[in-house]
Amino acid sequence: MEEDLIEKYAKLENINLKKAEKELKIFINVLEKYIIKNKKVSFREIGKFRAFKSKPRYISNPATREKMLIFPKTTVKFDSSQSFRKKF
C-alpha cells in the first residue's frame, strides 16, 4: 500500500493529518517563494532545488510536417547531493 507524504509525515511526527498537511503546505509555500526570489534553494546533505528555463526550440508536426516553435518555459529541478544519492 502506497502512503501519501502527508500520512508518512503525520506518522513520523506523531501528529494528526490536518496539522501535517498544514505544516507541509507552509514548507512548500516558503520553498516556492525562495525559488522565485533566489532561483535556487539548497539543503545541506540533501541537494538543491533550482529554477530552470528551457531554450526555445523548433519541432515538426508529424501529421502536417509544419514547423512549430515551442516557447521556453521555467520549471523547477532538483539536483541531489552525492551523499544523498549514496543512501539509495
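Ser81 sits in the loop between strand E5 (74-80) and helix H3 (82-86) of this predicted model. With a relative accessible area of 19%, Ser81 is buried, because the cut-off for that class is under 20%. Apart from neighbours within four places in sequence, Ser81 is in contact with Glu45, Ile46 and Gly47. Another residue that can be placed relative to Ser81 is Lys48: the two are 33 residues apart in sequence, and their C-alpha atoms are 7.8 Å apart in space.

Glu45, one of the contacts of Ser81, belongs to the loop between E1 and strand E2 (47-53). Its phi is near 70°, a positive value in a residue other than glycine. Glu45 counts as exposed, at 52% relative accessibility. The contact therefore joins a buried residue, Ser81, to an exposed one, Glu45.

Lys39 also has a positive phi, of about 70°, although it is not a glycine. The residue is found in the loop between H2 and strand E1 (40-43). Lys39 is exposed, and its relative accessible area is 52%. As background to both residues, most residues other than glycine have a negative phi.

Turning to side-chain pairs, a search of the whole structure finds two salt bridges. In one of them, the side chains of Asp79 and Arg50 meet at 2.6 Å, N to O. Asp79 lies in strand E5 and Arg50 in strand E2, so this pair ties together parts that are 29 residues apart in sequence. Asp79 is partly exposed at 29% relative accessibility, and Arg50 is partly exposed as well, with a relative accessible area of 25%.

The side chains of Glu21 and Lys25 also meet in a salt bridge, at 3.5 Å, N to O. These two residues are four residues apart in helix H2, which means that about one helical turn separates them. Glu21 is partly exposed, with a relative accessible area of 33%.

Glu21 also takes part in the packing of two helices. Helix H1 (residues 5-13) and helix H2 (residues 17-38) pack with their axes 9 Å apart and at an angle of about 110°. That makes H1 roughly perpendicular to H2, because angles of 65 to 115 degrees fall in that class. The crossing of H1 and H2 is right-handed. On the H1 side, the residues in contact are Leu5, Ile6, Glu7, Tyr9 and Ala10, and they meet Leu17, Ala20, Glu21, Glu23 and Leu24 in H2. By class, the contact of H1 with H2 has seven nonpolar, no polar and three charged residues.

Ile6 gives a closer view of this contact. Ile6 is found in helix H1 and counts as partly exposed, at 22% relative accessibility. Residues up to four places away in sequence aside, Ile6 touches Leu17, Ala20, Glu21 and Leu24. Glu21 thus appears both among the contacts of Ile6 and in the salt bridge with Lys25.

Lys19, in helix H2, is partly exposed, with a relative accessible area of 45%. Lys19 and Ile6 are 13 residues apart in sequence, and 9.3 Å lies between their C-alpha atoms. For Ile6 and Thr64, the separation is 58 residues in sequence and 46 Å in space, C-alpha to C-alpha.

The separations given above are collected here.

| Pair | Apart in sequence | C-alpha to C-alpha |
|---|---|---|
| Ser81 and Lys48 | 33 residues | 7.8 Å |
| Lys19 and Ile6 | 13 residues | 9.3 Å |
| Ile6 and Thr64 | 58 residues | 46 Å |

How values were computed
Residues numbered from 1 in each chain as written. Predicted model: local features only at pLDDT ≥ 70, side-chain atom pairs only at ≥ 80, totals over all residues. Heavy atoms only, no water. Axes fitted to C-alpha atoms, helices over the stretch in contact; angles between N-to-C directions. Parallel < 35°, antiparallel > 145°, perpendicular 65-115°, else oblique. Left-handed = near helix turned anticlockwise from the far one by under 90°. Contact = heavy atoms within 4.5 Å. Nonpolar A, V, L, I, M, F, W, Y, C, P; charged D, E, K, R; others polar. Buried < 20%, exposed > 50% of the residue type's maximum accessible area, 1.4 Å probe, protein only. Salt bridge = Lys/Arg side-chain N within 4 Å of Asp/Glu carboxyl O.
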